[in-house]
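Morning, everyone. I have one structure to walk through today. Please have a look at it first.

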Amino acid sequence: MKLVKLFMLMAIFCAVSLFSVGIADALDEWVHIDIEPYSNTKLVEHQWWTLNPGDSTLSRLPIGEVDEFEGPDGKVEFQIIDGAIVVFGTNAAKWPKAVEDIEVGGKAKFVYFFHATGWEQNGVPSYKFVMHYRSGKKEELELTSGFNSDDWCHDGNALEDDNSVWGWILKEGGPCGHAGLITTKWENPRPDDWIETIDIVSLELGSVPIIPAITLGEATLAVEPAQKLAVTWGSLKASR
């Protein structure tokens, strides 16, 4: 009996130690937000802005893969699916004015958005990302053409925001013969508060936003240490 108790104590110690190492490692990893449940358009064999059959440059993205793209201070990983989130702009009014409650459930030092627009509205914000926290607080990031966003076919245009770069550009495909997507890095002002969800909200101007991917940087997923320890202890007791 004493031997069994000693073994269990050693197992708990090892589990806690491994858990601590795992958290440290996780802070250095990319966490890809699953946007598929919220996706409302297709990239392959479709015009993403109408959903009609057709072709576009975005169909040449590495569909079904996690790949590296340019970021403002190095490469950023995004998970690419055959789909994206599109919200309302007056040039394509069929889309919803907001896509809300995109599940995150974790802490992050940075959030990286992969995005662009069809059409543009220069000089004023035309869409925004709203981060909702477990504490009940929220933070917003507004996107403005020419500053931290732009028309997907204006891939040669400079961006004024130091935290936004053209993350991917390809010189083929319809309807422009070229196009790109922007990587915007947002530094979370509440890195110790859990981000529960993200909303994508149109400000109902001419720009039609498309968001194919969102990634967390230096993130911790939503299983807290007490929960992890409870699971480990429960597993050990069940194995007796």
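By contact I mean heavy atoms within 4.5 Å. Keep that in mind for the next number. Take contacts between residues at least 6 apart in sequence: in this protein chain, 71% of them join residues at least 24 apart. And a reminder before I go on: this is a predicted model.

Now the layout. The protein chain has two helices and eleven strands. In sequence order the pattern opens with α, runs through the β elements, and ends with α. The chain has 240 residues, and 44% of them count as buried. Its accessible surface is about 11,800 Å². Carbon and sulfur atoms account for 53% of that surface.

Next, the inside. In soluble globular proteins, nonpolar side chains tend to be buried together. Here, the largest nonpolar core has 26 residues. Which residues have the most contacts inside it? They are Val111, Phe113, Phe129, Met131, Ile198 and Leu216. Five strands each supply at least two residues of this core: β5, β6, β7, β10 and β11. The largest share comes from β5, with six residues.

Stay with Phe113 for a moment. Not counting residues up to four places away in sequence, Phe113 touches a long list. Among them are Phe78, Leu141, Ile182, Trp186 and Ala213. Phe129, Met131 and Ile198 are on that list too, and those three are also among the core residues with the most contacts.

There is a second core, separate from that one, with 25 residues. It includes Leu43, Tyr112, Phe114 and Ala116.

Let me turn to a charged residue. Is Asp151 buried or exposed? Asp151 is buried, and it has no salt bridge. A salt bridge here would need a side-chain nitrogen of Lys or Arg within 4 Å of a carboxyl oxygen. The nearest side chain of opposite charge is Lys171, and that is 12 Å away. Asp151 sits in the loop between β7 and β8. What does Asp151 touch, leaving out residues up to four places away in sequence? The answer is Thr117, Gly118, Trp119, Glu120 and Trp166.

Now the backbone. Most residues other than glycine have a negative phi, and most peptide bonds are trans. Three places in this model go the other way.

The first topic is the peptide bond. From Gly174 to Pro175 the bond is cis, with omega near -5°. Pro175 lies in the loop between β8 and β9.

Then phi. Asp101 is not a glycine, yet its phi is positive, about 60°. Asp101 lies in strand β5. Its relative accessible area is 49%, so Asp101 counts as partly exposed.

Glu204 is another non-glycine residue with a positive phi, near 65°. Glu204 is placed in the loop between β10 and β11. Its relative accessibility is 40%, so Glu204 is partly exposed as well.

Last, one strand pair. How do β2 and β3 run? They are antiparallel, and seven bridges join them. β2 covers residues 65-71, and β3 covers residues 74-80. The hairpin between β2 and β3 passes through two residues. As one example of the pairing, Glu70 has Lys75 in β3 as its bridge partner.

That is my tour. Over to you.

Conventions:
Residues are numbered from 1 along each chain as its sequence is written. This is a predicted model: local features need pLDDT of at least 70, side-chain atom pairs count only at pLDDT 80 or more; totals for chains, interfaces and linings use all residues. Side-chain values use heavy atoms; hydrogens and water are left out. Helices (H or I, at least four residues) and strands (E, at least two) are DSSP runs, numbered from the N terminus. Buried means under 20% relative accessible area, exposed over 50%, partly exposed in between (1.4 Å probe, protein chains only). Accessible areas come from the Shrake-Rupley method with a 1.4 Å probe; for residues, only the protein chains shown count as cover. Lys and Arg count as positive and Asp and Glu as negative; His and the chain ends are not counted. A nonpolar core is a set of buried Ala, Val, Leu, Ile, Met, Phe, Trp, Tyr and Cys residues joined through side-chain atoms within 4.5 Å. Two strands pair if DSSP finds at least two bridges between them.
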